[in-house]
Amino acid sequence: MAVWGIGVAVYFVAITYRTSLGVAGLDAAERFHINASALSTFSILQLLVYAGMQIPVGLLVDKLGAKKVLTIGVVLYTLGQFGFALSHSYAMALGSRALLGCGDAMTFISVLRLGSRWFPARRGPMIAQIAALVGMAGNLISTLVLARLLHSVGWTPTFASSAVGGVVVLVLLLLFLRDHPKGYEPPPAPTEHSGAAFVRRQITDAWREPGTRLGMWVHFTTQFPAMVFLLLWGLPFLVEAQGLSRGTAGELLTLIVLSNMAVGLIYGQIIARHHAARLPLALGTVGATALLWAITLAWPDDHAPMGLLVALCAVMGACGPASMIGFDFARPANPPERQGTASGIVNMGGFTASMTTLLAIGVLLDATGDNYRIAFASVFVLEALGVSQILRLRVRAARRERERLVVSRVEAVHVPA
C-alpha cells in the first residue's frame with residue numbers, strides 16, 4: 001500500500017494540475033485576451049498531447065517499468081505547471097499546457113501497472129477505482145484551494161506555488177518507489193522484444209482483442225461529459241448561462257468530485273463481486289447522464305432550478321468511475337506483458353471524446369453568440385456514437401472472455417502421468 005500510494009500521489013498531483021484551468025477559465029480569457037474557441041484550445045491541446053501519448057506510454061511502461069516512466073512524467077508536468085504560472089503570452093501558455101499534458105499522460109497507466117504488480121489480480125477493479133478516486137481528490141484542490149488562491153494572491157503565485165507539489169512527489173518517487181515486490185521480479189524480456197516490429201505487434205495484438213476495443217469505447221462514452229465540465233466549461237456554463245455566483249458554481253463542481261469518489265467505491269465493490277455488472281453499470285451511467293443533460297438544456301426558463309443542477313452534477317460524478325470499467329474489459333483480454341499497451345488504447349477513448357467535445361463547444365459558442373444549449377447538445381452526438389460501438393462489440397468481447405476463462409481452468413487442472 002505504501003509503495004503503490006506513492007504512485008497514486010503522483011497521479012493526484014497530475015490531476016490537480018490538469019484541472020487547475022477549470023477554475024481559471026474566465027481569468028485565463030481575461031489574462032490572455034482570448035475568446036471561447038481560443039480558451040478551449042488550452043484544454044484541447046493538453047488532451048491532444050495526452051491522448052496521443054497513451055500508446056507510446058503504454059509501450060514504455062511495458063518495456064521500462066512504472067518508476068522510470070513516472071519520473072519522466074513528474075518532471076514534465078511540474079515544468080509545465082511552473083511555465084504556465086510565468087506565462088504572459090498565449091503562445092507560452094499553450095506550450096506549458098502541452099508540456100503538462102505530456103507529463104500527465106505518463107501517470108495513470110503507470111499507476112495501473114503498479115497496482116497489478118503489488119496486489120493480486122482479484123483486487124484489480126477495486127484498486128483501479130481507488131486510484132481514480134484519490135486522483136479525483138486532486139479536483140478538490142483545484143476547486144477549493146486554487147480557486148480561492150487565484151482570487152486572493154493572483155495568477156503567478158497561485159500556479160507557481162502549486163508546482164511545489166510536483167517536486168515533493170518526485171523526491172518520494174526517487175527514494176521509495178519500486179516497480180515490484182522483492183522476489184516477484186518479472187522474467188526478463190526476450191531480445192526480440194524491441195524495435196519497430198515488436199511495437200507494431202504489441203499494438204496490433206492488443207487492438208485485435210474485442211475486449212480492448214470494447215474497453216476503449218466504454219471509456220470514450222462514459223468519461224467525457226464530466227471531464228469537459230470539470231476541465232473547462234463547467235464554471236462558465238454555471239456562471240454565464242445559469243446565473244450562479246462563482247462560489248455556488250464552485251460548490252457544484254465540488255459536488256461532482258465528491259460524487260465521483262463515493263460512486264467509485266460503490267462501483268469497485270460491485271464489479272469485484274459481480275463481473276457481469278460491468279456493462280449495465282456503464283450503460284446505465286450513460287443513460288442517466290444523457291437524460292439529465294437533456295432535461296437541463298430543454299428547461300423552458302433561462303435558468304434551470306437548483307435541484308436539477310444538483311442532480312446533474314451528482315450524476316456526472318459517476319462518469320469517472322464508469323470510465324474505469326473500460327480497463328476491466330481490457331485487463332482479462334490481454335496477457336501481463338501487454339497490459340500497458342492495452343491500457344493506453346483504452347485510455348485514449350475518453351480523452352479523445354473530451355478533446356472533440358471541448359472543441360465543439362468552443363466553436364458553437366462563438367458561432368451562436370454564447371448559446372450554451374446548442375453548444376452542449378454536442379454531448380449527445382458522441383454519446384450516441386459510443387453506445388452504438390459498445391452494443392456492436394459486447395457479444396464478441398463476452399464470448400472471447402468466456403473462451404479464455406475455460407482455457408485457464410483447463411490448464412489449471414492437474415493431470416497425473
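# Spaces and helix pairs in a predicted model

Analyst: Let's start with the second largest cavity: its lining residues divide into four nonpolar, one polar and three charged. Keep in mind that this is a predicted model.

User: Which residues line the second largest cavity?

Analyst: The lining is made by Gly211, Phe329, Pro332, Ala333, Ala397, Arg400, Glu401 and Arg404. Phe, Pro and Ala count as nonpolar, Arg and Glu as charged, and Gly as polar. Set against that rule, the list gives the four nonpolar, one polar and three charged residues we began with. Helix α18 supplies the largest share of this lining, four residues, and the space inside comes to about 50 Å³.

User: What makes a space a cavity and not a pocket?

Analyst: The test is whether a 1.4 Å probe can get out: in a cavity it fits but cannot leave, whereas a pocket is open. By this rule, two cavities of 30 Å³ or more are counted here. The largest cavity holds about 280 Å³ of space.

User: Which residues lie nearest the centre of the largest cavity?

Analyst: They are Arg18, Met136, Gln223, Met227 and Gly320, out of 25 lining residues. The elements that give two or more residues to this lining are α1 (2-19), α7, α11 (210-241), α12, α15 and α16. By class, the lining of the largest cavity has 15 nonpolar, nine polar and one charged residues.

User: How do you know that the largest cavity lies between domain 1 and domain 2?

Analyst: Look at who lends residues to the lining. Domain 1 (1-177) and domain 2 (203-411) both do, so the largest cavity lies between them.

User: What volume does the largest pocket have, and where does it lie?

Analyst: The largest pocket has a volume of about 930 Å³. Of its 35 lining residues, Ala121, Arg331, Pro332, Asn334 and Gln339 are the closest to the centre. Domain 1 and domain 2 both contribute to the lining, so this pocket too lies between them.

User: Which element gives the largest share of the lining of the largest pocket?

Analyst: That is α6, with six residues. By class, the pocket lining has 17 nonpolar, nine polar and nine charged residues.

User: Why is α1 called roughly antiparallel to α6?

Analyst: Their axes come within 9 Å and cross at roughly 165°. An angle over 145 degrees counts as roughly antiparallel, so α1 and α6 earn that name. Their crossing is left-handed.

User: What makes α13 roughly antiparallel to α14?

Analyst: The same step works again. The axes of α13 (residues 278-298) and α14 (residues 306-316) come within 9 Å and cross at roughly 155°. With the cut-off at 145 degrees, α13 is therefore roughly antiparallel to α14. The crossing of α13 and α14 is left-handed.

User: How do you know that α13 is roughly antiparallel to α15?

Analyst: Here α13 and α15 pack at an angle of about 150°, with their axes 9 Å apart. Set that against the same limit, over 145 degrees, and α13 is roughly antiparallel to α15. As for handedness, α13 passes α15 in a left-handed crossing.

How values were computed
Residues are numbered from 1 along each chain as its sequence is written. This is a predicted model: local features need pLDDT of at least 70, side-chain atom pairs count only at pLDDT 80 or more; totals for chains, interfaces and linings use all residues. Side-chain values use heavy atoms; hydrogens and water are left out. On a 1 Å grid over the protein atoms alone, a cavity is a set of points where a 1.4 Å probe fits but cannot get out, and a pocket is an open set with protein on both sides within 12 Å along at least five of seven lines; lining residues have an atom within 4 Å of a point. Grid points are joined across faces, edges and corners, and a volume is the space filled by probe spheres set on the points. Domain bounds come from an automatic or database domain assignment. Axes are lines fitted to C-alpha atoms, for helices over the stretch in contact, and angles run from 0 to 180 degrees between N-to-C directions. Angles under 35 degrees count as roughly parallel, over 145 as roughly antiparallel, 65 to 115 as roughly perpendicular and the rest as oblique. A crossing is left-handed if the near helix is turned anticlockwise from the far one by less than a right angle, and right-handed if clockwise.
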